[in-house]
Amino acid sequence: MTATVRLVRLILRRDRLRLPAWLVGLVGLMAVSAQSIHSLYGTDEAARAYVATVGDNPALVMFAGPGYGFDRPTSGVVLVNETMLWLALAAGLMSVFLVNRHTRAEEESERADLIRSTVVGRHAPVVAALAVTAGVNVAVALGVAAVTLAFGFPVAGTVALAAAIGLVGMAFGATTAVAAQVAGTGRGAVGLGSALLGLAFVVRGVGDVRAPALSWLTPFGWGIGVRAYAGERWWTLAGLVGFIGVGTATALALSARRDLGRGLLPERPGPAGAGAVTLHPVGLAWRLQRGTVLGWAVGVFLAGLVYGSVADDVETMMADNPQLADYLAQIAGASLAQAYLATAIRMLGLVVGGFAVASALRNRSEEAAGYAELLLAAPLSRWRWGLAHLAVTLVASIGLVTLGGLGTGLAYAQTSGDAGQLVTMTMAALASAPAVLVLAGIATLLFGWVPHATPAAWAALALFAVVQLFATVLRLPHWVTLLSPFGHVPSVPAEPWRILPLVLLGLLAAALLGVGLVGFRRRDLAAA
Amino acid sequence: MTCVISCRALTKWFGATAALDGLDLDVAEGEIHGFLGPNGAGKTVTIRILLGLIRPDGGTATLFGDDPWADAVTLHRRLAYVPGDTNLWPNLTGGEIIDLLGQLRGGLDPARRTELIDRFDLDPRKKARAYSKGNRQKVALVAALASGAPLLILDEPTAGLDPLMEAVFQDTVLDTVAEGRTVLLSSHVLAEVERLCQRVTIIRKGRTVETGSLAEMRLVSRTTITAELAGDGGSLASLPGVHDLRVDGPRVMFEVDHEALAAVAGRLGELGLRSLVSSPPTLEELFLRHYGDELEHGGVDHPVVAPRLEADP
Ligand SMILES: Nc1ncnc2c1ncn2[C@@H]1O[C@H](COP(=O)(O)OP(=O)(O)O)[C@@H](O)[C@H]1O
Ligand SMILES: [Mg+2]
């Protein structure tokens, strides 16, 4: 582990903007949430009213948590229900990216060999990456605790909430450290790491709705299980610490048995010549993105199946609680199940937005890696080259959204016995496709005009997600929600279809893509 | 004689640093043109301009008489390029990449492909991530050499090759030119340039400091003379065109300008010449002269320009 400290300093130097951005984003989100919840639900009476409206709603259980402390509601209980899961998810994503960036992805550059050739211990790079990730998670936890305490939330619950968020984040850092040893490439490692994160998120949701034992298979279950502000159970945090320890030890053991730059999965020889598909620019783009697209397809379809299969429980719940049903029927003009399904499908849309950004930025990463130079020095125009990857982005984004709807519809049709739901849900999912494509457009616009600022596309996605997920709790004015393309998507099937906004979003996406490519045609090719 | 590549007073800025500062380059049809300069001199930047990947800030560049930026796609049908840092898609095999690049350039001759893969001893079934730097370079070289493109632009193509492969490369390039193709070869390997190139352009800090045929450059340069004399060699110093005279007993060593050679030879005879070694300047000496200069003065004062191509017999 020689030189770990020096490597830590190197990471801090390289990520001197990235790390503060995550920190400010996460803590800032907590600050505005805590402020808003303090002012809206500061009294126990207001908190009771909150529980009366949202309590027992499986849709919210799925996307918020099991509602510990709903029997004696306080503003802290509301805070946990509204923020904890999402912040833990964001901290998890941050950890997945960070760990991969400084382990497996780094090995793809010759830098890693150079670093390893100096006086650096075999384990030092993994330990350094995990140390930095742990440090950032601690910083997030401290920041979350500080802003929450500032609004007068009780100390014990705040400490539990903040520590759980940091520990869940770090738990996914540890799983990614293991994934980084197993996967063949950095792209594969980040895919595996985020797939585990997504799986844990969905399993925890289903567990809390249907079979609580399942939740305890995931770090989220242990994190929420600390019951912040509702009679803390500190031992769950110890469970998370143990999980992180086991993950770290596994990663270190694997890294000692593995060649630098290779995964544990074996490499096979490939074809000696190119097939017809690879020879076409679009075919090549598909070939390069195929693995990612297929991974996402499986993930989105399974998530849809899970969300759809739970929808029926909503109806059961409604029978138990007619007041709640009446209430929701009034506000949404739709059944509880439909409201839930609309929410679920919107979530899937946002998730596919993540794919769209990553896929649209493929143009940039191919350029930065120097692959674009080889092709553009051949008689291939910048238009055709750029459009080839975007064609994959567009088709795959629409396909993924459809698959999510298909999964949801299939499961819901099966449990509800109404085959028509298959079509209804698939169409409903398609409604978010134009908003997803706007994200691809934003990424392409940045690629064309400010290639070094393309990470801002992720910031846009994060912003839209926050607007989407926190609009209610933050009491955001209506116009703010309209800043997000997802704010214009009708909540089908809970709401009737509105076609015009979708057409306009589609046109906006096309315009962004076009202007982005025009910019790319006009600028110098820029290496990393 | 037609110019395939012609650059006039090219400038390119990256922020506050000038990567190119008035660069001239002419490459005639059918020649192998050496493009020399130390690291950071601007060779790659020039090539990227010629490929229409970046745009110059000033000056003009033409390729086959057309603008490399505006007519990039049509021009690229007539050239093949091997980058200095060959980065290949890690999950594609070498064979696939050769086919891909060949197909984009309008197809490649399968027999030639097989022959070149054989000559370069390349395993086309390996994924690019498993190739060494030299093998990645071979992939790009095979793809370029197997294409029928009339112009090859090679940016330090042998930087990662072993001596055996370097020899294969040189033979293949000579074959290529025998077919009437043109090659722009950027390189630091002076022995390679000396063997392959009829004409060279030497650049420094983004400027052309010398261009012309190697033979002409030797003419305008100094020859090194080592002689043994019966008489006193000290008086040679007073002759015009003699530089750096060193006298060591009967042995003298000095450099002499080409035009002064006849006069100096006559004088050596008068001084009782016993033995004589005369060495024409190597490319390395030509090259180092410009950079030795740089070490002393820290800048280019009067670029030495040999007679241009048009004056060539
Ligand atoms: N994209 C870039 N951004 C900033 N500076 C660059 C860039 N590309 C090249 N340069 C600078 O231009 C100069 C010439 O570089 P280059 O053409 O790569 O040299 P070489 O002759 O070794 O190929 C160098 O000083 C280099 O640092
Ligand atoms: Mg170079």
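**Group meeting: a ligand shell in chain B, and some backbone geometry**

Let me begin with the surface of chain B, which exposes about 13100 Å², with carbon and sulfur atoms supplying 53% of it. Please keep in mind throughout that this is a predicted model, and that the predictor gives the complex an ipTM of 0.75 and a pTM of 0.80.

Staying with chain B, its secondary structure consists of 10 helices and 13 strands, and its C-alpha atoms fill a box of roughly 70 × 40 × 35 Å along the principal axes. Of the 313 residues in the chain, 53% are buried, and if we take the contacts in chain B between residues at least 6 apart in sequence, 68% of them join residues at least 24 apart.

One example of a contact between distant parts of the sequence is B:Gly58, which belongs to strand β4, residues 58-63 of chain B. Once its neighbours within four places in sequence are set aside, B:Gly58 is in contact with B:Ala9, B:Leu10 and B:Thr11, and its C-alpha lies 7.2 Å from that of B:Ala9, although 49 residues separate the two in sequence. Is B:Gly58 buried or exposed? With a relative accessible area of 17%, B:Gly58 counts as buried, because the cut-off for that class is under 20%.

Now to the ligand. Which residues surround ligand 1? They are B:Phe14 and B:Ala19, followed by B:Pro38, B:Asn39, B:Gly40, B:Ala41, B:Gly42, B:Lys43, B:Thr44 and B:Val45. By class, that shell has 5 nonpolar, 4 polar and 1 charged residues, and the element that gives the most to it is helix α1 of chain B, residues 43-50, with 3 residues.

As for polar contacts, oxygen atoms of ligand 1 lie 2.7 Å from a polar backbone atom of B:Gly40, 2.9 Å from a backbone N or O atom of B:Gly42, and 2.8 Å from a backbone N or O atom of B:Lys43. Taken alone, ligand 1 exposes 560 Å², of which the protein buries 57%.

Next, the backbone. Most residues other than glycine have a negative phi, and most peptide bonds are trans. Against that background, A:Arg475 has a positive phi of about 50° although it is not a glycine, and B:Glu156, likewise not a glycine, has a positive phi of about 45°. A:Arg475 sits in the loop between α23 (456-470) and α24 of chain A and is exposed, with a relative accessible area of 53%, while B:Glu156 is found in the loop between β6 (151-155) and α6 (163-178) of chain B. In addition, the peptide bond from A:Val492 to A:Pro493 is cis, with omega near 5°, and A:Pro493 is placed in the loop between α24 (478-481) and α25 (499-522) of chain A.

Finally, confidence. Chain A has a mean pLDDT of 88, with 92% of its residues reaching 70 or more, and chain B averages 86, with 93% of the residues scoring at least 70. Within chain A, confidence is lowest in helix α16, residues 322-332, at a mean of 51, and highest in helix α22, residues 433-449, at 97. In chain B, pLDDT stays under 50 over residues 298-313, for which the model has 28 contacts beyond four places in sequence. Where pLDDT is low, the predicted coordinates should not be read in detail.

Key. Residues are numbered from 1 along each chain as its sequence is written. Chains are lettered from A and ligands numbered from 1 in the order in which they are written. This is a predicted model: local features need pLDDT of at least 70, side-chain atom pairs count only at pLDDT 80 or more; totals for chains, interfaces and linings use all residues. Side-chain values use heavy atoms; hydrogens and water are left out. A residue is near a molecule or strand if one of its heavy atoms lies within 4 Å of it. A polar contact is a pair of N or O atoms within 3.5 Å; within protein, one must be able to donate a hydrogen and the other to accept it, and residues adjacent in sequence count only if both atoms are side-chain atoms. Accessible areas come from the Shrake-Rupley method with a 1.4 Å probe; for residues, only the protein chains shown count as cover. Helices (H or I, at least four residues) and strands (E, at least two) are DSSP runs, numbered from the N terminus. Ala, Val, Leu, Ile, Met, Phe, Trp, Tyr, Cys and Pro count as nonpolar, Asp, Glu, Lys and Arg as charged, and the others, Gly among them, as polar. pLDDT is the predictor's confidence in each residue, from 0 to 100. Contact means heavy atoms within 4.5 Å. Buried means under 20% relative accessible area, exposed over 50%, partly exposed in between (1.4 Å probe, protein chains only).
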